[in-house]
Amino acid sequence: MTETLLPSYPEPPPMLTRAWYIAAESRELKWRPLARTVAGVPLVLFRDDQGRAAALFDRCPHRNVQLSRGKVRQGQLQCPYHGWQFNGQGQCVHIPALPPGQKPPAGACVQTLPLKEQQGYLWVWPDAAPPPPDIQPFYLPYFEARGWHWDRLQSRIGNAVSNVVENFIDNPHTGYVHGGLFRTPASHWVDNILETTADGVRIDIREESQAESLLARLLVRGEVSHQDRFIYPATVEVRYAFGPGREIIGYQLCTPVSAYETRIFVHVLWQMGWLSPLVRAGFPFVGRLILQQDVGILESQGQVLQRYGEHFHSIEADSANLWIQAARQRLQRGAQLKSRRRQVRFRI
Ligand code: FES
Ligand SMILES: [Fe+2]
């Protein structure tokens with residue numbers, strides 16, 4: 001088959017809007033409005049005078065200016081163009097140009113989006129239909145639990161959310177993209193046990209040896225256990241246990257911004273005994289470095305995909321991602337995942 005070498009600019013992949021996504025970290029939203037786009041929906045976030053966060057569609061009903069360019073005045077969002085003010089429910093509560101005593105017209109309101117503030121994150125539901133009560137934002141386990149510590153990072157990546165998720169579950173890239181940091185290229189065999197869960201896919205990774213990597217030499221005492229998990233719609237959990245009472249769990253919480261842009265929130269939790277302060281000191285540097293390496297490769301992939309679309313050729317070592325794609329499609333349709341288990345072996 002001959003393929004044209006000229007860019008074809010294919011239709012971008014559709015985004016899933018019926019899901020909770022992180023729009024921002026709580027600490028990013030202070031007393032100024034904050035503009036964010038979630039699954040293609042432009043939003044303005046702000047806090048009222050009680051500190052309660054709200055998410056409104058970023059369009060003033062008067063002359064359609066972006067409300068995110070305005071100000072927060074006495075807990076209300078003020079449009080930068082003619083000063084109309086809106087509360088957290090999107091109702092217009094003040095129009096400066098109206099004569100005293102005259103109320104704003106009833107239809108002059110802004111659509112709001114469901115928002116939940118939880119564990120230091122602002123989650124929004126970017127769909128016109130309200131969220132069913134059984135679908136909740138992802139809850140971070142061990143968050144502020146005794147003996148556990150946490151830290152976080154955030155980044156934007158010019159690539160589709162599906163490829164960002166794949167990257168975090170993909171072990172064969174680690175020796176190349178992060179060469180020497182936590183693996184060396186094609187150095188050992190790995191057994192992967194893939195299993196479906198109610199909300200995604202779990203992968204148990206049994207590695208022969210990791211002793212050659214820098215991080216392993218620092219952290220490992222005894223048996224290492226490594227488990228990755230895809231949690232619908234766009235979360236990846238990476239869990240390493242280094243002997244009793246020593247564990248590091250990384251969550252990659254992905255938010256589609258647009259078809260080829262993803263905002264990623266990395267939340268890392270650890271209990272590492274006396275090594276915990278070392279992880280605390282090292283994470284901002286090592287975590288940022290690993291993330292930047294992934295961002296670099298994903299941006300490069302994203303540029304090609306935007307021009308030519310996805311034409312992937314998968315091998316056995318890509319099984320986890322194929323399972324994730326299948327799981328995502330089924331869950332998106334509202335179907336349950338069939339219980340499946342399979343072992344695959346490859347070199348990383
Ligand atoms: S455009 Fe917002 S007040 Fe006029
Ligand atoms: Fe990576």
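Let me start with one pair of residues. Asp191 stands opposite Arg206 in β14. Keep that pair in mind as we build outwards. One caution before going on: this is a predicted model.

Now the strands around that pair. Strand β13 covers residues 189–197, and strand β14 covers residues 200–207. The two pair in the antiparallel sense, over eight bridges. Thr196 also has a counterpart: this residue stands opposite Val201 in β14. How many residues does the hairpin use to join β13 to β14? Two residues make that link.

Next, the other neighbour of β14. Six bridges join β14 to β15, and these strands run antiparallel as well. One residue to look at here is Ile203, whose bridge partner in β15 is Asp228.

Let's zoom out to the whole sheet. Eight strands make it up, and the sheet is open. Read the order with me: β12-β18-β17-β16-β15-β14-β13-β19. The pairing is antiparallel. Which strands stand at the edges? They are β12, residues 149–157, and β19, residues 341–347. Each has a single partner strand, so one side of each is left without a neighbour in the sheet. As for twist, the average is 15° from one strand to the next.

Now the helices on this sheet. Start with α1, residues 161–169. Helix α1 lies across β12, β14, β15, β16, β17 and β18. Its direction is about 165° to β17. If you are finding these strands on screen, β15 is 224–231, β16 is 235–242, β17 is 247–258 and β18 is 261–271.

The next helix is α5, residues 319–332. Helix α5 lies across β13, β14, β15 and β19. Against β14, α5 runs at about 170°. So β14, where we began, is among the strands under α1, and β14 is also among those under α5.

On to helix against helix. Two packed helices are described by the angle between their axes and the distance between the axes. Take α1 and α5 with that in mind. Their axes come within 10 Å and cross at roughly 140°. That makes α1 and α5 oblique to each other, because an angle has to be over 145 degrees to count as roughly antiparallel. The crossing of α1 and α5 is right-handed. Which residues make the contact? From α1 come Val165, Glu166 and Ile169. From α5 come Ala320, Asn321 and Ile324. By type, the residues of this contact are four nonpolar, one polar and one charged.

Helix α1 has another partner, α4, residues 276–308. Here the axes are 11 Å apart, and the helices pack at an angle of about 140°. So α1 and α4 are oblique to each other too. Is this crossing left-handed or right-handed? The crossing of α1 past α4 is right-handed. On the α1 side, the contact uses Asn163, Val164 and Asn167. On the α4 side, Asp294, Leu298 and Gln301 take part. The contact of α1 with α4 divides into two nonpolar, three polar and one charged.

Let me step back to the chain. The protein chain is divided into domain 1, 21–124, and domain 2, 149–347. How far apart are the centres of domain 1 and domain 2? Taken over C-alpha atoms, 35 Å separate them. The contact takes nine residues from domain 1 and seven residues from domain 2. On the domain 1 side, the elements that give two or more residues are β1, 21–25, and β2, 34–38. The largest share on that side comes from β1, with four residues. By type, the domain 1 side has six nonpolar, two polar and one charged.

So where does β1 sit? Strand β1 belongs to an open sheet of three strands, in the order β1-β11-β10, with antiparallel pairing. At the edges stand β1 and β10, the latter being residues 115–118. Each has a single partner strand, so one side of each is left without a neighbour in the sheet. Neighbouring strands in this sheet are turned by 30° against each other on average, direction ignored.

One last pairing. Four bridges join β1 to β11, residues 121–124, and the two run antiparallel. The bridge partner of Tyr21 in β11 is Val124.

Conventions: Residues are numbered from 1 along each chain as its sequence is written. Chains are lettered from A and ligands numbered from 1 in the order in which they are written. This is a predicted model: local features need pLDDT of at least 70, side-chain atom pairs count only at pLDDT 80 or more; totals for chains, interfaces and linings use all residues. Two strands pair if DSSP finds at least two bridges between them. Axes are lines fitted to C-alpha atoms, for helices over the stretch in contact, and angles run from 0 to 180 degrees between N-to-C directions. Two residues are in contact if their C-beta atoms, placed from the backbone, lie within 7 Å. Angles under 35 degrees count as roughly parallel, over 145 as roughly antiparallel, 65 to 115 as roughly perpendicular and the rest as oblique. A crossing is left-handed if the near helix is turned anticlockwise from the far one by less than a right angle, and right-handed if clockwise. Ala, Val, Leu, Ile, Met, Phe, Trp, Tyr, Cys and Pro count as nonpolar, Asp, Glu, Lys and Arg as charged, and the others, Gly among them, as polar. Domain bounds come from an automatic or database domain assignment.
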